[in-house]
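Okay, thanks for coming, everyone. Let me put the structure up on the screen, and then I'll walk you through it.

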Amino acid sequence: MQTLPQGAPRVVLLDIEGTTLPVSFVHDVLFPYARTHLALFLVQHGGDATVQAALAQTAELAPGVPPLEQLERWMDEDAKVAPLKTLQGLCWEKGYARGELVAALYPDVLPCLRALHAAGVALAVYSSGSEAAQRLVYGYTAQGDVKALFSGFYDLRMGGKKDAASYSAIVAQAGWHAADVLFLSDIEAELDAAAQAGLRVCQIARPEDGTVAGTRHPVTTSLPEAARLFGLPGEG
Ligand SMILES: [Mg+2]
């Protein structure tokens, strides 16, 4: 294990969409996959307890509407409703397991994560996708299952990504020191919140995502560049 320079971050906390994975993957691949496959999924798995609970919850939220019709309406509206999120997650799980879905990480991501991990830097995820969805992304990349690189998966149960308190809660739960943590995201408002909680931050402005570079924090276009900026190894 290499020795990290004094003062370098000990932890790198990463956003997913727009940071390690194109934003388009969620909107152009995952959401349409669930929209296309949900009806058949419900036919095949309607007897599962989790599915039944999600359908009952749907019926409760939209009395008198057939659950599938309501779920499709929510998908068309891009509504964030708990039973829909559950069913979409289950649908994606089948898709990944069948090889119909593969998380195409940006090519610079895995070499950088491996180099950081090998250097003893702890890696963790903080994304608005559920913990289950995060595990699917890193469980089914084009390079295979790389979940073992991460020591933590944090989602909106920790709070919103634009609230400083969420970052403080993650740091406290993980037992880190805020100043030892580098948070990487494409969204400047998330970086504002993390910085307010005492974390170090860097914006990843991917040209492929059309990310607008902010002015309040350091900006790079890739993970290795960000790592090097903070004295960390960028690749193996
Ligand atoms: Mg993002």
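Let's jump straight to a pair of helices: α2 goes past α4 in a left-handed crossing. Before I go on, remember that what you see is a predicted model.

So, back to that pair. Helix α2 covers residues 49–61, and the angle between α2 and α4 is about 150°, with the axes 8 Å apart. Anything over 145 degrees counts as roughly antiparallel, so α2 and α4 are roughly antiparallel. Which residues of α2 meet α4? They are Thr50, Val51, Ala54, Gln57 and Thr58, and on the α4 side you'll find Ala82, Pro83, Thr86, Leu87 and Leu90. Sorted by class, that contact has 6 nonpolar and 4 polar residues, and no charged ones.

Now keep your eye on α4, and bring in helix α1. Here α1 is residues 23–45 and α4 is residues 82–97. Their axes sit 9 Å apart, and the two helices pack at about 95°. That angle makes α1 roughly perpendicular to α4. On α1, the residues in the contact are Leu30, Tyr33, Ala34, His37, Leu38 and Phe41. They meet Leu87, Gln88, Cys91, Trp92, Lys94 and Gly95 of α4. The breakdown for this contact is 8 nonpolar, 3 polar and 1 charged. If Leu87 sounds familiar, Leu87 was also on the list for α2.

There's another partner for α4, and that's helix α6, residues 131–139. The axes of α4 and α6 come within 10 Å, crossing at roughly 15°. So α4 is roughly parallel to α6. This crossing is left-handed. From α4 we have Gly89, Trp92, Glu93 and Tyr96, and from α6 we have Ala132, Ala133 and Leu136. By class, the α4–α6 contact comes to 5 nonpolar, 1 polar and 1 charged. Trp92, by the way, is also listed in the α1 contact.

Let's zoom out to the domains. How is the chain divided? Domain 1 takes 11–21 plus 103–229, while domain 2 is 26–97. Their C-alpha centres are 28 Å apart. Each side brings 6 residues to the contact between them. On the domain 1 side, those residues split into 4 nonpolar, 1 polar and 1 charged.

Last stop, the sheet. It's an open one with 6 strands, paired in parallel, and the order reads β3-β2-β1-β4-β5-β6. Which strands sit at the edges? Those are β3, at 152–154, and β6, at 219–220, each pairing on one side only. As a bit of background, strands in a sheet pair through backbone hydrogen bonds.

If you want one pairing to look at in detail, take β4, residues 181–185, and β5, residues 200–204. These two run parallel and are joined by 4 bridges. For a concrete example, find Leu184: the bridge partner of Leu184 in β5 is Cys202.

That's my tour, so over to you for questions.

Key
Residues numbered from 1 in each chain as written. Predicted model: local features only at pLDDT ≥ 70, side-chain atom pairs only at ≥ 80, totals over all residues. Pairing = 2+ DSSP bridges. Axes fitted to C-alpha atoms, helices over the stretch in contact; angles between N-to-C directions. Parallel < 35°, antiparallel > 145°, perpendicular 65-115°, else oblique. Contact = placed C-beta atoms within 7 Å. Nonpolar A, V, L, I, M, F, W, Y, C, P; charged D, E, K, R; others polar. Domains from an automatic or database assignment. Left-handed = near helix turned anticlockwise from the far one by under 90°.
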